[in-house]
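Reader: Could you walk me through one part of this model in detail, the strands and how they pair? I'd also like to know what surrounds that part.

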Amino acid sequence: DNGCFLDLLGLDRPTFENLHDEVFGAGEPPTKRGRKAQLDWKGQLGLCLMFLGSRMKDSQLSLLFGVVPSTVSQVLARMMPLVIEKLRRNPAARIKFPNTAEKEELARMVNNREPSVDNIIGFVDGLSIPVQCSSQPEDQSAHYNVYAHDTTINNVFAFAPTGKIINACINYPGSWHDSQVCHALIDKVLRCIGIYALCVNQGFLRS
């Protein structure tokens, strides 16, 4: 069901199906001659998403998907570039700051929900994603997040009231605070926000 898909892959089932069709086209791609692949195309896409959304090693993923670790490595080496290439060419996957007309519509959406607010077009929050520990002391120290008591990468996302991400600062060391991570977002806001504003929490600068 959708809950299982969200928990394991980070996508609900319809979104997973849409991603599958975007990457492979409608229907199953033609297979090459020879021994049948251990995972079908949906299984390979699921493996790729599971790898991206967890800290599991190849050996652990191989147990979940019922294949040997070498197969996991081969699938990831093939699927990662393919998914990235397809999403780069898909307008629906593009992170884009809203234009003037879109900002007006987003502000109207927020105002309809909160009549006392008339200029907010989006919201900003940080996200720490756990990653594997590094064997290099310098890397491990840079990525250790004291607040989370874990090794992480830190990200800051700006998202519209529709839920779509409109700006992203990603893959910063876990030891960095959100206010350090969001410098690129601040530059974007100063250049493009106009009369509007983004709603932030106490972790971000106000000026």
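Author: Let's start with the whole chain: of its 207 residues, 30% count as buried, where buried means under 20% relative accessible area, exposed over 50% and partly exposed in between, using a 1.4 Å probe and protein chains only. Keep in mind that this is a predicted model, so local features need pLDDT of at least 70, side-chain atom pairs count only at pLDDT 80 or more, and totals for chains, interfaces and linings use all residues. Residues are numbered from 1 along each chain as its sequence is written, and side-chain values use heavy atoms, with hydrogens and water left out.

The C-alpha trace spans about 65 × 45 × 30 Å along its principal axes. You'll find nine helices and five strands in the chain; these are DSSP runs numbered from the N terminus, with helices being H or I of at least four residues and strands being E of at least two. Along the sequence they follow the pattern α-α-α-α-α-α-β-α-β-β-β-α-α-β. Among contacts in the chain with a separation of 6 or more, 55% link residues 24 or more positions apart; contact here means heavy atoms within 4.5 Å.

Now for the strands. Two of them pair if DSSP finds at least two bridges between them. A good place to begin is strand S3 (residues 150–159), which is mostly covered, with eight of its 10 residues buried. S3 pairs with S1 in the antiparallel sense over eight bridges. Within that pairing, Asp125 stands opposite Phe157 in S3, and Thr152 in S3 is the bridge partner of Pro130.

S3 has further partners. Strand S4 (residues 165–173) runs antiparallel to S3 and is joined to it by six bridges, one pair being Phe159 with Ile165 in S4. The hairpin of S3 and S4 has five residues between the strands, and there Gly163 takes a positive phi near 100°. Strand S2 (residues 144–145) also pairs with S3 in the antiparallel sense, over two bridges, and Asn145 stands opposite Asp150 in S3.

S1 (residues 120–130) has another partner as well: three bridges join S1 to strand S5 (residues 197–199), and these two run parallel. In this pairing, Phe123 stands opposite Cys199 in S5. As background, side chains in a regular strand alternate between the two faces of the sheet.

A couple of backbone spots deserve a look while you're here. Most residues other than glycine have a negative phi, and most peptide bonds are trans. His149 has a positive phi near 55° and is a residue other than glycine. His149 lies in the loop between S2 and S3, a hairpin with four residues between the strands. With 60% relative accessibility, His149 counts as exposed. Asn171 is another residue other than glycine with a positive phi, near 65°, but its place is in strand S4. At 53% relative accessibility, Asn171 counts as exposed too.

As for the surroundings, let's turn to the helices. The axes of helix H2 (residues 13–24) and helix H5 (residues 69–88) come within 9 Å and cross at roughly 95°; axes are lines fitted to C-alpha atoms, for helices over the stretch in contact, and angles run from 0 to 180 degrees between N-to-C directions. H2 and H5 are therefore roughly perpendicular to each other, given that angles under 35 degrees count as roughly parallel, over 145 as roughly antiparallel, 65 to 115 as roughly perpendicular and the rest as oblique. On the H2 side, Leu19, Glu22, Val23 and Phe24 meet Met79, Leu82, Val83, Lys86 and Leu87 in H5.

There is also a largest nonpolar core, of 20 residues, in which Leu45, Leu47 and Met79 touch the most other members; a nonpolar core is a set of buried Ala, Val, Leu, Ile, Met, Phe, Trp, Tyr and Cys residues joined through side-chain atoms within 4.5 Å. Helix H1 (2–9), H2, helix H3 (41–52) and H5 each supply at least two residues of this core, and its largest share, six residues, comes from H3. Leaving aside neighbours within four places in sequence, Leu45 is in contact with Phe16, Leu19, His20, Phe24, Met79 and Val83. Apart from this core lies another one of 17 residues, among them Phe97, Val181, Cys182 and Tyr196.
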